[in-house]
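User: I have a model open at my bench and would love a guided close look at one part of it. Could you pick one helix and walk me through its surroundings?

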Amino acid sequence: VDKIISEVANIYNVKVEDMKSPKRSSSISNARKIAMYVIQDITGLPYETIGQEFDGRDHSTVVYAIKNVKELMERDSSVRSLIQDLIKNIKANQ
């Protein structure tokens, strides 16, 4: 999970600490949502467990983030490609 978070942080040029903090700027928030989506996709961890990785966020926050990223991927093919490549790279390096 930490590896996934740091990969997403690198791609979106944000700090891991900021992604795990309560900060809500759009760049941090977007990176956090994508990290939640990728963690769920790769690990299949329960939403509660994923929320704990991000400053104890509620499972409903994780549900919302994953739904939000899925909708974004449907609308924006560049985001979809970026996330699919990220997932492939992480799976290849496990």
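Analyst: Happy to! Let's take helix α3, whose buried residues pack against α1, α2 (16–19), α4 (47–53), α5 and α6. Please keep in mind that this is a predicted model.

Which residues of α3 are buried? They are Ile28, Ser29, Ala31, Arg32, Lys33, Ile34, Ala35, Met36, Tyr37, Val38, Ile39 and Ile42. You will notice that Arg32 and Lys33 are on that list, along with Ser29. A general point helps when you trace such a list along a helix: an α-helix has 3.6 residues a turn, so residues three or four places apart point the same way.

The length of the helix can be checked too. With 18 residues at 1.5 Å a residue, α3 should span 26 Å, and its end C-alpha atoms lie 25 Å apart, which agrees. Just after the helix comes Gly44, with a positive phi near 70°.

Now for the neighbours, beginning with α1. Two packed helices are described by the angle between their axes and the distance between the axes. For α1 (residues 2–12) and α3 (residues 26–43), the angle is about 140° and the axes are 9 Å apart. Their crossing is right-handed. On the α1 side, the contact is made by Ile4, Ile5, Val8 and Tyr12. Facing them from α3 are Ala31, Ile34, Ala35, Val38, Ile39, Ile42 and Thr43. Sorted by class, this contact of α1 with α3 holds 10 nonpolar residues, one polar residue and no charged ones. Several of the α3 residues here are also among the buried ones, including Ala31, Ile34 and Val38.

Next, look at Ile28, which belongs to α3. Ile28 has a relative accessibility of 8%, so it counts as buried. Setting aside neighbours within four places in sequence, Ile28 touches Val14, Asp18, Met19 and Lys23. Its C-alpha atom is 9.0 Å from that of Asn13, and the two residues are 15 places apart along the chain.

Asn13 deserves a moment of its own. You will find Asn13 in the loop between α1 and α2. In contrast to buried Ile28, Asn13 is exposed, with a relative accessible area of 70%. Asn13 also has a positive phi, about 55°, although it is not a glycine. As background, most residues other than glycine have a negative phi. Asp55 is another non-glycine residue with a positive phi, in this case about 60°. The place to look for Asp55 is the loop between α4 and α5. With a relative accessible area of 47%, Asp55 is partly exposed.

From that loop, let's turn to α4, one of the helices that the buried residues of α3 pack against. Glu48 sits in α4 and counts as partly exposed at 45% relative accessibility. Between the C-alpha atoms of Glu48 and Val38 there are 15 Å, with 10 residues of separation along the chain. Glu48 can also be related to Ser60, a residue of α5: these two are 12 residues apart in sequence and 8.4 Å apart in space, C-alpha to C-alpha. Ser60 is partly exposed, at a relative accessible area of 40%.

To finish the surroundings, consider how the partners of α3 meet one another. α1 and α6 pack at an angle of about 140°, with 11 Å between their axes, and are therefore oblique to each other. This crossing is right-handed. From α1, Lys3, Ile4, Glu7, Val8, Ile11 and Tyr12 meet Leu82, Leu86 and Ile90 of α6. By class, the contact of α1 with α6 has seven nonpolar, no polar and two charged residues. Ile4, Val8 and Tyr12 of α1 take part here and also in the contact with α3.

Finally, α5 (residues 59–75) and α6 (residues 77–92) pack at about 120°, with their axes 5 Å apart. That angle makes α5 oblique to α6. The crossing of this pair is left-handed. Val69, Leu72, Met73, Glu74 and Arg75 of α5 make the contact with Ser77, Val79, Arg80 and Ile83 of α6. Those residues divide into five nonpolar, one polar and three charged.

Definitions and conventions. Residues numbered from 1 in each chain as written. Predicted model: local features only at pLDDT ≥ 70, side-chain atom pairs only at ≥ 80, totals over all residues. Heavy atoms only, no water. Axes fitted to C-alpha atoms, helices over the stretch in contact; angles between N-to-C directions. Helix = DSSP H or I, 4+ residues; strand = E, 2+ residues; numbered from the N terminus. Left-handed = near helix turned anticlockwise from the far one by under 90°. Contact = heavy atoms within 4.5 Å. Nonpolar A, V, L, I, M, F, W, Y, C, P; charged D, E, K, R; others polar. Parallel < 35°, antiparallel > 145°, perpendicular 65-115°, else oblique. Expected span 1.5 Å × (residues − 1). Buried < 20%, exposed > 50% of the residue type's maximum accessible area, 1.4 Å probe, protein only.
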